[in-house]
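Trainee: I have the coordinates open and would like to walk through them with you. Shall we take it one question at a time?
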Amino acid sequence: SSSSSSSSSSSPRGDVAETSESPLQGWAQLPRGGQEGFDDGESNLLRIPVELPLVEGTRVELRNLQSKNGATGTLLQLTAAGKWKVRLDNGLGVALLRGHYIRALPPSAEEKALAQE
């Protein structure tokens, strides 16, 4: 009698059923939208903060300042000294600021619509 070790029928990946009909050939499939804990909306997307680039015409918010923190405006130009000229909203004038005092704002829905035309 031969003493060959018989392979067990359990999968090396635990209790995942191996079926030849599956395009993944037995690998666990990712949950589809509509299943418990998932929906088809954007709530599944990872929310990773991304610093948007500073370019002329970009809407920005001022930050890390003693005054005018949270004020918004539009980037006009980058000076030779490396400061941004920012036209502040609500008639607050123009500011010259280094990049670390400015945060680019994502485009509004209206701006996105205009860009697609």
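Trainee: Where along the chain is the place of E51?

Mentor: Keep in mind that this is a predicted model. Using the strands as landmarks, E51 belongs to the segment before strand 1.

Trainee: Is E51 buried or exposed?

Mentor: The relative accessible area of E51 is 54%. The cut-off for the upper class is over 50%. Because its value is 54%, E51 counts as exposed.

Trainee: What distance separates the C-alpha atoms of E51 and A104?

Mentor: These two residues are 53 residues apart along the chain. In space, the C-alpha atoms of E51 and A104 are separated by 7.2 Å.

Trainee: Is T58 buried or exposed?

Mentor: T58 also has its place in the segment before strand 1, which covers 59-62. Its relative accessibility is 13%, and the cut-off for the lower class is under 20%. Because of that 13%, T58 counts as buried.

Trainee: Which backbone oxygen does the side chain of T58 reach?

Mentor: Leaving aside neighbours within four places in sequence, T58 is in contact with P53, G73, T74, L75 and A104. The polar partner is another residue: at 2.7 Å, the side chain of T58 reaches the backbone oxygen of V55.

Trainee: Which strands stand at the edges of the sheet?

Mentor: The sheet is open, with five strands in the order 4-3-2-1-5 and antiparallel pairing. Two of these strands have a single partner each, so one side of each is left without a neighbour in the sheet; they are strand 4 and strand 5 (102-104).

Trainee: By what angle are neighbouring strands of this sheet turned against each other on average?

Mentor: This value ignores the direction of the strands. On average, neighbours in this sheet are turned by 40°.

Trainee: Which residue in strand 4 is the bridge partner of W84?

Mentor: Strand 3 (residues 84-88) has W84, V86 and L88 on its covered face, with K85 and R87 on the uncovered one. Toward strand 2 (residues 72-78), joined to strand 3 by five bridges, W84 stands opposite L78. Strand 4 (residues 94-97) is joined to strand 3 by four bridges, and there the partner of W84 is L97.

Trainee: Which residue in the turn between strand 2 and strand 3 has a positive phi?

Mentor: Strand 3 and strand 4 form a hairpin with five residues between them, where N90 has a positive phi of about 60°. The hairpin of strand 2 and strand 3 has five residues between its strands, and the turn residue with a positive phi, about 85°, is G82.

Technical notes:
Residues are numbered from 1 along each chain as its sequence is written. This is a predicted model: local features need pLDDT of at least 70, side-chain atom pairs count only at pLDDT 80 or more; totals for chains, interfaces and linings use all residues. Side-chain values use heavy atoms; hydrogens and water are left out. Helices (H or I, at least four residues) and strands (E, at least two) are DSSP runs, numbered from the N terminus. Buried means under 20% relative accessible area, exposed over 50%, partly exposed in between (1.4 Å probe, protein chains only). A polar contact is a pair of N or O atoms within 3.5 Å; within protein, one must be able to donate a hydrogen and the other to accept it, and residues adjacent in sequence count only if both atoms are side-chain atoms. Contact means heavy atoms within 4.5 Å. Two strands pair if DSSP finds at least two bridges between them. Axes are lines fitted to C-alpha atoms, for helices over the stretch in contact, and angles run from 0 to 180 degrees between N-to-C directions.
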